[in-house]
Amino acid sequence: MSQALSERTIAIVKATVPALEAHGLDIVREMYARMFQNPEIRDLFNQSHHGDTGSQPRALTGAILAYAANIDNLGALTSAVERIAQKHVGLQILPDHYPHVANALLGAIGHVLGEAATEEVLAAWGEAYWFLANILITREAALYENLAAAKGGWNGWRAFEVAEVRPESSVITSIILRPVDGGPVLAHKPGQYLTFWLDLPGHAPIKRNYSISSAPNGETYRISVKREPQGLASTWLHENARPGTILKVGAPAGDFFLPEDVERPIVLLSGGVGLTPMVSMLETLAARQPQARVHYVHGARDLASHAMGDHVRQLTSVIPASRNTVFYESVPEAADLAAHERKGRISGDWLASETSVEEADYYLCGPRPFLRALVSDLVEIGVSADRIHYEFFGPADEALAA
């Protein structure tokens with residue numbers, strides 16, 4: 001257990017909040033520039049989230065501000081700490097990596113704030129950093145230990161062979177993975193993701209997270225990948241993942257998942273390829289809790305890009321108290337939509353009239369604009385925050401975090 005922060009450190013860190021609000025993004029970008037001078041540290045990160053237009057620097061700036069503002073009330077950050085620890089375990093972050101971040105952060109604070117970064121300020125931020133780092137290191141150690149001890153679990157990167165490739169829509173393809181060693185695989189929690197280490201010709205190694213789109217079965221995992229126009233990893237997987245291809249895979253991770261015992265009604269909300277963890281949840285409910293009350297609502301761009309529609313209908317057919325609704329943003333004039341299909345987008349008004357707002361748990365996954373809109377809508381129609389659960393594509397969005 002980490003020792004408590006000194007009152008003096010708490011006061012100094014809170015006093016730096018205005019400076020962080022003004023210069024936090026510059027500090028974070030300088031910090032990453034320093035860290036990425038070390039190729040070993042650089043390769044731990046998803047580089048598509050960095051750069052001038054990258055989302056990770058803004059996300060980390062928001063996280064640092066939240067830490068500084070709540071440093072005397074760290075209980076408010078419990079869920080954020082768990083999310084970070086889960087991401088770190090997926091990326092194989094180890095205690096040896098933390099000093100590199102500390103040196104880069106303190107160096108960046110000194111560089112950007114100049115004379116305002118006194119020895120006292122730097123010492124306070126050093127203490128504050130290591131206080132949080134030790135909390136994360138302790139939690140991550142427990143996660144690594146649990147993964148290694150569980151049946152089919154592992155630490156580090158495990159070799160998986162592509163067993164099958166299955167086109168699901170015009171843009172989404174499913175990849176079924178089986179461990180090369182022939183052993184069992186950890187029974188993931190429906191909603192969790194796998195982290196992949198991809199060695200692409202002409203590029204430094206890249207890391208990507210892909211949600212598991214199947215229920216746990218002890219033998220294989222399925223991921224369903226959308227081919228993004230500028231997506232380095234997704235394009236490579238679509239063009240190169242064939243039966244027999246070997247991929248390096250980290251153990252399942254993530255704090256977004258369906259609980260083992262579902263008592264309240266469940267509403268699954270997804271946009272685009274955000275359907276992947278929802279299909280895992282729905283498969284699990286169909287197999288283990290067919291008595292569950294579940295309504296799966298999906299938003300797709302058009303008919304051609306909608307993946308797994310038939311599969312979802314088959315799953316809901318074996319769950320008596322279930323519904324399935326699909327919204328299409330674009331539909332040809334002559335299209336004959338089925339009874340469960342709608343034209344347009346999912347809205348708060350529709351959810352208020354068609355779902356159990358007073359008692360249901362809502363699980364959401366999709367692009368950030370989708371999440372921003374629907375999380376706000378759910379709050380406005382009276383869904384309590386403890387019943388709204390969502391997964392991010394990429395770094396946490398500041399508006400969503402708030």
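Helix 7 (119–149) is the biggest giver to the lining of the second largest pocket, putting in four residues. Helices here, like strands, are DSSP runs numbered from the N terminus (H or I and at least four residues for a helix, E and at least two for a strand). The model is a predicted one, so local features need pLDDT of at least 70 and side-chain atom pairs count only at pLDDT 80 or more, while totals for chains, interfaces and linings use all residues. Residues are numbered from 1 along each chain as its sequence is written, and side-chain values use heavy atoms, with hydrogens and water left out.

Back to the pocket: it holds about 280 Å³ of space. Of the 16 residues lining it, L143, L147, L186, K189 and Q192 come closest to its centre. A pocket, on a 1 Å grid over the protein atoms alone, is an open set of points where a 1.4 Å probe fits, with protein on both sides within 12 Å along at least five of seven lines, and a lining residue has an atom within 4 Å of a point. Grid points are joined across faces, edges and corners, and the volume is the space filled by probe spheres set on them. Helix 5 (78–91) is another contributor, since helix 5 and helix 7 each supply at least two lining residues. By type, the lining splits into nine nonpolar, four polar and three charged residues. For that split, Ala, Val, Leu, Ile, Met, Phe, Trp, Tyr, Cys and Pro count as nonpolar, Asp, Glu, Lys and Arg as charged, and the others, Gly among them, as polar.

Next comes the sheet. Six strands make up an open sheet in the order 4-3-6-1-2-5, and the pairing is antiparallel. Strand 4 (206–211) and strand 5 (221–226) are the edge strands, each pairing on one side only. From one strand to the next, the twist averages 40 degrees. In general, strands of a sheet pair through backbone hydrogen bonds, either parallel or antiparallel. Two strands count as paired if DSSP finds at least two bridges between them.

At one edge, strand 3 and strand 4 pair in the antiparallel sense over six bridges, and T195 has N209 in strand 4 as its bridge partner. At the other edge, strand 2 (residues 172–179) runs antiparallel to strand 5, and six bridges join the two. Here I175 stands opposite I223, and T173 has V225 as its bridge partner. Strand 4 is mostly covered, with five of its six residues buried, and strand 5 is mostly covered too, again with five of six buried. Buried means under 20% relative accessible area, exposed means over 50%, and partly exposed is in between (1.4 Å probe, protein chains only).

Helix 8 (residues 232–240) lies across strand 2, strand 3 (193–198), strand 4, strand 5 and strand 6 (246–249), and runs at about 75 degrees to strand 4. Axes are lines fitted to C-alpha atoms, for helices over the stretch in contact, and angles run from 0 to 180 degrees between N-to-C directions. Two residues of helix 8 show what goes on there. S234 sits in this helix and counts as buried because its relative accessibility is 4%. Leaving aside neighbours within four places in sequence, S234 is in contact (heavy atoms within 4.5 Å) with Y210, V225, K226, R227 and E228. W236 is in helix 8 as well, and is buried because its relative accessible area is 18%. Not counting residues up to four places away in sequence, W236 touches L198, L200, P201, A241, T245 and L247. W236 and A133 are 103 residues apart in sequence, and their C-alpha atoms are 35 Å apart in space.

The loop between strand 6 and strand 7 (266–271) is the last stop, and D255 is found there. With a relative accessible area of 25%, D255 is partly exposed. Apart from neighbours within four places in sequence, D255 is in contact with S79, E82, R83 and Q86. The C-alpha atoms of D255 and G344 are separated by 31 Å, with their positions 89 residues apart along the chain. P259 lies in that loop too, and counts as partly exposed because its relative accessibility is 36%. Beyond neighbours within four places in sequence, P259 is in contact with Q289 and Y363. P259 and C365 are 106 residues apart in sequence and 16 Å apart in space, C-alpha to C-alpha.
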